[in-house]
Amino acid sequence: MEIDNFYKNKKVLVTGGSGLLGTHLTRILSESGAIVRSVFHKKDPQEILDSVEYVQYDLRNYEDCRKATNAIDYVFHCAAISLGAKIIKEDPKSLVTPNIIMNSNLLDASVDSGVKRFLFVSSNVVYPDLDHPVREEEATGDFFALYKGPATMKYFTEKLCDFYSSKYPMKCIVVRPANYFGPHDKIGEGSHVIPALIERALNKEDPFLVWGTGENVKDFIYVEDIALGVKEAMKKDLTPLNIGSGKGYKIKEIVKTILDLTNYKGTVEYDSSKPDAIMYRVLDIKKSEFIPQKTLIEAIKKTIEWHKSKRIYV
């Protein structure tokens, strides 16, 4: 990757540096010429780059946030306490209070440390349940019931970003990514739909059970494309910004692609008694003008290769 003059020799903080997006963003920013500090909490970094400073902090603690943001020009806030659908349903507050404390502390510390730009990675769950590609201005505070807790937390933090931008000399940018996946994603409990399907396909589960009807539509995108989109969003004065493929894929299409690419020959069964959640969620990407570099099939192929490299399958 070529040196980017916007980032050349700039001191950049990436939170959530051991997570899916943070891992890829850390590498991409380092390759772009930035001096990167990558923060992790309990989980060790998944990649170690000689050019990157890795630090372990608890961002729920203000003093740790102040240490993390010391002498930093730009902050990319990717960190979040993120748990599976079971926890979202049974104990939704566990995704709300700790994240609000972390987000507020990091915004405060960034202002106090003289950070110039702050980018918050929000979520597409801040949108209502709509049947068309959603535009940025369509976030109204009306949320899909299952995601009301985390959606409220993300939306509240977006409003905090607006406040800090209006009151302090720190530009805040909000990005709302589509459903991203790729190497370094969670495997096992709490994993998202594509890595969960890949794992089960590689393990040759038969029958291959899929929750819901498979008719629900989502905007899926490769994690490296999201990282590139986030990198470009930091340069803009536009906020909030959707970053996605702008295309909708039925879960049935995703299942078929994964099973074809893993040479799965078993029986597929859809359990319509289980919820589909949001039936249609595609992002309108006209405002960001972002164009993904990987097709869905290319992205799934690369992700399968990574999964194969992590375990031995029967």
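## Loop residue N124

Helices here are DSSP runs of H or I with at least four residues, strands are runs of E with at least two, and both are numbered from the N terminus. With those labels in hand, N124 can be placed in the loop between β5 and α5. This is a predicted model, so take everything below in that spirit.

Is N124 buried or exposed? Its relative accessible area is 8%, and the cut-off for buried is under 20%, so N124 counts as buried. Leaving out residues up to four places away in sequence, N124 touches P177, A178, N179, R281 and L283.

## The seven-stranded sheet

Seven strands make up an open sheet with parallel pairing, and the order runs β3-β2-β1-β4-β5-β6-β11. The edges belong to β3 (53-56) and β11 (241-243); each has a single partner strand, so one side of each has no neighbour in the sheet. On average, and ignoring direction, neighbouring strands are turned by 20 degrees against each other.

For a closer look at one pairing, take β1 (residues 11-15) and β2 (residues 35-40): they run parallel and are joined by four bridges. Within that pair, V12 sits opposite V36 of β2.

## Helices on the sheet

Helix α4 (residues 97-112) packs on this sheet and touches β1, β4 (74-77), β5 (117-121) and β6 (171-177). The direction of α4 makes about 175 degrees with that of β4. Helix α5 (residues 148-167) packs on the sheet too, touching β5 and β6, and its direction makes about 155 degrees with that of β6.

## Two nonpolar cores

In soluble globular proteins, nonpolar side chains tend to end up buried together. The largest nonpolar core in this model has 43 residues, and the members that touch the most others are L29, F76, L119 and V175. At least two residues of this core come from each of β1, α1 (20-31), β4, β5, α5, β6, α7 (223-233) and β11. The top contributor is α7, which puts in six residues.

So who are the neighbours of L119? Setting aside residues up to four places away in sequence, L119 touches V75, F76, H77, I173, V175, V230, A233 and M234. Another core of 24 residues lies apart from the largest one, and its members include V75, V111, Y164 and M170.

## α7 and its partner α1

How many of the eleven residues of α7 are buried? Nine of them are, which leaves the helix mostly covered. The buried set is V223, D225, I226, A227, L228, G229, V230, K231 and A233.

Helix α1 packs against α7 at an angle of about 60 degrees, and their axes are 9 Å apart. That angle makes the two helices oblique to each other, and α1 passes α7 in a right-handed crossing. On the α1 side, the contact uses L20, L21, H24, L25, R27, I28 and L29; on the α7 side, it uses V223, E224, I226, A227, L228, V230 and K231.

## The three-stranded sheet

There is also an open sheet of three strands, in the order β12-β9-β14 and with mixed pairing. Here β12 (249-250) and β14 (280-281) take the edges, each with a single partner strand, so each has one side without a neighbour in the sheet.

Strand β9 (residues 217-218) runs parallel to β14, and two bridges join them. K218 has R281 of β14 as its bridge partner. This brings us back to the loop, as R281 is also one of the residues that N124 touches.

Notes. Residues numbered from 1 in each chain as written. Predicted model: local features only at pLDDT ≥ 70, side-chain atom pairs only at ≥ 80, totals over all residues. Heavy atoms only, no water. Pairing = 2+ DSSP bridges. Axes fitted to C-alpha atoms, helices over the stretch in contact; angles between N-to-C directions. Contact = heavy atoms within 4.5 Å. Core = buried A, V, L, I, M, F, W, Y, C linked by side-chain atoms within 4.5 Å. Buried < 20%, exposed > 50% of the residue type's maximum accessible area, 1.4 Å probe, protein only. Parallel < 35°, antiparallel > 145°, perpendicular 65-115°, else oblique. Left-handed = near helix turned anticlockwise from the far one by under 90°.
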